[in-house]
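This report walks through one protein model, moving from single helices to the chain taken as a whole. Please keep the sequence and the 3D view at hand while reading.

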Amino acid sequence: MSKIKILWVDDEIDLLKPHILFLEKKEYAVTTCSNGSNAIDLVPNGNFDIVFLDENMPGFSGLEVLTAIKKIKPTLPIVMITKSEEEHIMEEAIGGNISDYLIKPVNPNQILLSLKKNLDHTRLITEQTTLNYQQEFRKIAMDLMDVSSYEEWVEFYKKLIHWELALDAIDDSAMSTILESQKQEANSHFFKFIDNNYTSWFDNYEEEKPVLSHQLFKEYVAPIIKNNEKTLLVVVDNLRYDQWRIIEPIIAKYYKVAQEHMFYSILPTATQYARNAIFSGLTPLEMEKQYPMYWKHDIDEGGKNLYENEFLKGQLARLKMNIKHQYHKITNLKNGQKLAESFNSQKENDLTVVVYNFVDMLSHSKTDMEVIKELASDDKGYRLLTKSWFENSPLLTIIQQAQSLGMKLIITTDHGTINVTKPTKIIGNKAISSNLRYKMGRNISYNEKDVFSIENPKEIGLPSVNINSKFVFAKEDYFFAYPNNYNYYVSYYKNSYQHGGISLEEMLIPCIVLEPRK
């Protein structure tokens, strides 16, 4: 194993001989240099692992050498050593992307600690994260047996996502596989919980129930607006909780989280049901009765989400909220850029609503496009693709503009999505709905152990096309497949992202209230 190579640059390098001997005894290879010019010449071919750099040298200053080295080797860790703690010097050094800084006089143990921190950082974090998860594994398994309420399911799911993201960061495939098995087991238990409890949540006498899609606006959005705070409400179609956690650090530069709510998407966890419910404040059954001109069934022709603004106006009227609002639906890059460029015009609104469809399009593209299948081959890739999109999207520019206008920000979604892997056969006529995670219609045959079935849709706030119409929802990561062309159908849709059914990923979704940073 080759020694770690250090370049130490200091105009008084001879006085540091004891430090250098100490490091050499620890099996480090140290190259010394007494001026910045020589240091810059040594870097291109020196294959150094780290540089210790004196800030105050004659000729090239430490900051000038720092800049030059970073141009040659941008990722080379540089530790600045300085006599001065003047603020502007430290700001310049940190702005130049130093890895650490030490104040003279330094002792050998400080140097050793800095080396460990910068060179062994990844290994130490990997080992500690793996150890922590191994210790947590048994507790997660035991906790799963005790989860019995909708609040406990939220906390349990958050814990799973915490570890999933932590293991992503260290790229430990073995631990990630173990966690994935725990998620699958959790979804199996969650399905039983929904099977036993979901219908009761639509009973007016039931007190122990979560906030559902049609209650979201009244519970979490309206109170902010009623407090006379100008608000930007962003509904990102199909944004799961783990995807929110991935983009949260980007938004944190402009906004800080004031409240983190989790609510339950109604069934089906599909846009025409869940998002219409958010804007209308009504169940699909109530929408069909009160707005027959807007509501469309699965089998009806035409767009199913064309009247969200009309639904929102109706809800605002029922809540007696006489406010100025505007609604925008972004379905392509051009529309997003246009709104970002003119967002200042929204400053007089009490409420600005932006529905952004990219993540939903991304999940559908994974089914249809080979390149997306490769980029988002699993949940980690799916998250990273979401992050890359968000960092370069007009939506981020819109959020920056809102922050500059001092607007409150609420980010939420209508439902999540799950990577489906298990087919389950279903038989029905042409009149049943086409979604892979739920079906609605008459005379449907299916494997009862794989679904949650509702004979009377009105029990859960859903309309019926016909008297004998029923709904069935796929559990866990199952998807419906017809016997005709079964093998082709399964191979085409397996490992694609779908929604409409029952899983933690689809039903437990975020509503985040954020305050602008000053």
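Helix α11 is mostly covered in this predicted model, since 10 of its 10 residues are buried. The buried residues of α11 are T271, Q272, Y273, A274, R275, N276, A277, I278, F279 and S280, and just after the helix G281 takes a positive phi of about 70 degrees. On the side that leads into α11, the loop between β7 and α11 (271–280) holds P268, and the peptide bond that joins L267 to P268 is cis, with omega of about -5 degrees.

Helix α10, which covers residues 241–251, can be described in a similar way: eight of its 11 residues are buried, so this helix is largely enclosed by the rest of the structure. Those buried residues are Y241, D242, Q243, W244, I246, I247, I250 and I251. The loop between β6 (231–236) and α10 contains N238, a residue other than glycine whose phi is nonetheless positive, near 75 degrees. N238 is also buried, because its relative accessible area is 0% and the cut-off for that class is under 20%.

N238 leads on to a glycine elsewhere in the chain, as G416 touches N238, R240, H499, E505, E506 and I509 when residues up to four places away in sequence are not counted. G416 lies in the loop between β10 (408–412) and β11 (418–420), and with a relative accessible area of 0% this glycine is buried. The C-alpha atom of G416 is separated by 8.8 Å from that of G500, although the two glycines are 84 residues apart along the chain.

Backbone geometry deserves a short section of its own. Most residues other than glycine have a negative phi, and most peptide bonds are trans. The table gathers the exceptions described here.

| Site | Feature | Value |
|---|---|---|
| K104 and P105 | cis peptide bond | omega about -5 degrees |
| L267 and P268 | cis peptide bond | omega about -5 degrees |
| E27 | positive phi | near 75 degrees |
| N238 | positive phi | near 75 degrees |

Of the sites in the table that have not yet been placed, P105 belongs to the loop between β5 (100–103) and α5 (108–119), while E27 is found in the loop between α1 (17–25) and β2 (28–33).

Aromatic rings provide another set of contacts, and the structure holds 34 aromatic pairs. One of them joins Y150 and Y264 in an edge-to-face arrangement, at 6.4 Å centre to centre and with 85 degrees between the planes. Because Y150 lies in helix α7 (residues 150–170) and Y264 in strand β7 (residues 255–264), this pair ties together parts that are 114 residues apart in sequence. Both Y150 and Y264 are buried. Y294 and F311 also form an edge-to-face pair, with 5.8 Å centre to centre and 85 degrees between the planes. Here Y294 is in the loop between α12 (284–290) and α13 (308–318) and F311 is in helix α13, so the parts tied together are 17 residues apart in sequence. F311 counts as buried, at 1% relative accessibility.

How many disulfides does the model contain? A disulfide is a covalent bond between the sulfur atoms of two cysteines. With a limit of 2.5 Å between cysteine sulfur atoms, the count comes to zero. Among the cysteines, C33 is buried with a relative accessible area of 4%, and C511 is likewise counted as buried, at 0% relative accessibility.

Finally, the chain can be considered as a whole. The protein chain has 20 helices and 19 strands, and its C-alpha trace spans about 90 × 50 × 40 Å along the principal axes. Of its 518 residues, 53% are buried. Where contacts join residues at least 6 apart in sequence, 74% of them link residues at least 24 apart. The chain exposes about 24,200 Å², of which carbon and sulfur atoms supply 48%. As for charge, there are 58 positive and 69 negative charges, and their mean positions are 4 Å apart.

Conventions. Residues numbered from 1 in each chain as written. Predicted model: local features only at pLDDT ≥ 70, side-chain atom pairs only at ≥ 80, totals over all residues. Heavy atoms only, no water. Buried < 20%, exposed > 50% of the residue type's maximum accessible area, 1.4 Å probe, protein only. Helix = DSSP H or I, 4+ residues; strand = E, 2+ residues; numbered from the N terminus. Contact = heavy atoms within 4.5 Å. Areas by Shrake-Rupley, 256 points an atom, 1.4 Å probe, with all protein chains shown as cover. Lys, Arg positive; Asp, Glu negative; His and termini not counted. Charge placed at Lys NZ, Arg CZ, Asp CG, Glu CD. Phe/Tyr/Trp six-rings, centres within 6.5 Å; stacked < 30°, edge-to-face > 60°.
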